[in-house]
Structures are given as structure tokens and as C-alpha cells.
Amino acid sequence: MIDPFITLAAADASKSAEQEGIFEKLIQTASDLGSYFHVDGALLFAQGLNFIIVAVVLWKFAFKPVMASMEERQKKIQDGLQYAEEMKARLADAEKQSADKIKEASGEAAKLVADARENAKSFLEQQNQEAVQHAEGIIAKAHSSMEQERKQMLSEIRKEVADLVVSASAKVLDRELSAAEKSRFSESAAKELAGSN
């Protein structure tokens with residue numbers, strides 16, 4: 001009987017030999033392709049090295065500065081947008097404060113107008129009271145003056161009436177009256193006039 005381990009080992013050995021054969025065939029095929037396409041290994045290496053050098057130079061002197069410039073520009077744009085948003089917020093805040101101040105000033109102006117009206121009203125009332133008092137003073141003075149004039153006129157009228165009574169009595173009696181009689185007639189005429197008032 002055949003040992004299964006031996007069979008397995010023989011199969012592995014044949015697979016490795018087979019794989020080596022495939023690897024050799026690939027190298028041979030690559031070599032055949034290189035000669036078929038006229039590819040020179042040294043030239044291919046030099047071209048690869050040139051490509052790497054050009055790629056490094058382009059990366060360092062072209063792409064890197066361009067990328068840095070683009071990042072800087074992007075940062076400036078973001079900063080500008082952020083600044084614009086801040087200014088928009090400040091403008092809205094300033095407009096709100098302005099509206100609040102206008103409302104406050106409007107309220108103060110309305111209060112000042114109301115105070116001015118109240119002051120004007122009280123001033124007019126005060127002026128009216130002063131005018132009434134002044135008019136009452138003038139009327140009182142006029143009444144006082146009229147009363148004095150009336151008393152003076154009554155006094156003058158009494159005197160004239162007394163003189164008339166004395167003169168009429170003298171004519172009626174057809175004689176000259178003495179001072180005592182004149183005085184007595186004057187007093188009685190004055191009493192009569194005072195009693196009639």
C-alpha cells in the first residue's frame with residue numbers, strides 16, 4: 001500500500017517543479033517581448049529615472065507652490081466670507097440699536113411735547129389768573145375811585161344845595177341871614193339829603 005504522505009509529497013514536488021517551469025517561461029516570454037518590441041533595459045531604466053526626477057522637480061517647484069497658493073487663496077476667501085458674516089451681524093446689531101435709539105428718542109420727544117403742553121397750559125392758567133386778578137384790581141380801584149367821586153359829588157351837591165337853601169331862604173325871608181342861621185339851614189339841608197340817600 002502506498003503511504004498517503006508520500007503521495008502528497010510527490011504531488012507537492014511536482015507542483016513546485018511545475019511552478020518553476022512557469023516562472024522560467026514568464027522570464028523567457030518577457031525577454032522575448034523585450035526583444036520583439038526592441039526594449040533596451042538600460043534605456044528603460046534611464047527613462048524611468050528621468051521621469052522620477054522630472055516628477056520630483058515638478059512637484060517641488062510647480063505643484064507645491066500652486067497648491068500653497070490655492071490653499072492661501074482659499075483661506076483668504078474663507079476669511080473674507082467670515083468677515084462679511086461678522087459685518088452683516090454687526091450691521092444688523094447696529095440697525096437694531098439705531099431703531100431702539102430712534103424709538104427711545106421718539107418717546108422722549110413725545111414726553112417733552114407733553115411736558116411743553118402741560119407747561120404751556122399751566123402758564124396760560126397762571127396768566128389768566130394774573131389777568132383776572134389785575135382786572136379785579138382795576139375794577140376795585142375803579143369802584144373805589146367811583147365811590148370817592150360819588151362821595152365828593154354828594155359833598156359838593158350838599159354844599160350847593162345848602163347854599164341854594166340858604167340863598168332861597170334869604171330871598172323868601174327877604175333879609176340877610178346871619179352866619180348861625182346859614183349854618184343851621186345848611187345842616188338841616190344836608191341831613192335831609194343824607195336821609196334821602
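These legends go with an overview and close-up views of a predicted model.

**Figure 1. The whole chain is helical in its pattern, α-α-α.** The protein has 3 helices and 0 strands. Buried residues account for just 4% of the 197 residues. About 17,600 Å² is exposed, with carbon and sulfur atoms supplying 62% of that area.

**Figure 2. Confidence varies between the helices, with α1 at the bottom and α2 at the top.** Helix α1 (residues 4-36) has a mean pLDDT of 62, the lowest among the elements, while helix α2 (residues 41-173) has the highest at 88. Over the protein the mean is 81, and 74% of residues reach 70 or more. A word of caution: where pLDDT is low, the predicted coordinates shouldn't be read in detail.

**Figure 3. Glu72 pairs up with Lys76 in a salt bridge.** The closest N and O atoms sit 3.6 Å apart. Both residues belong to helix α2, and being 4 residues apart puts about one helical turn between them. Glu72 is partly exposed at 46% relative accessible area, whereas Lys76 is exposed at 56%.

**Figure 4. Asp79 and Lys75 make a salt bridge.** Here the closest N and O atoms are 3.6 Å apart. The two are 4 residues apart in helix α2, so about one helical turn separates them. Asp79 counts as partly exposed, at 37% relative accessibility; Lys75 is exposed, at 52%.

**Figure 5. Further along the chain, Glu147 bridges to Arg150.** Their closest N and O atoms are 3.1 Å apart. This pair is spaced 3 residues apart in helix α2, again about one helical turn. Glu147 is partly exposed at 32% relative accessibility, and Arg150 is partly exposed at 43%. The salt-bridge count for the model is 3.

Terms used
Residues are numbered from 1 along each chain as its sequence is written. This is a predicted model: local features need pLDDT of at least 70, side-chain atom pairs count only at pLDDT 80 or more; totals for chains, interfaces and linings use all residues. Side-chain values use heavy atoms; hydrogens and water are left out. Buried means under 20% relative accessible area, exposed over 50%, partly exposed in between (1.4 Å probe, protein chains only). Accessible areas come from the Shrake-Rupley method with a 1.4 Å probe; for residues, only the protein chains shown count as cover. pLDDT is the predictor's confidence in each residue, from 0 to 100. A salt bridge is a side-chain nitrogen of Lys or Arg within 4 Å of a carboxyl oxygen of Asp or Glu.
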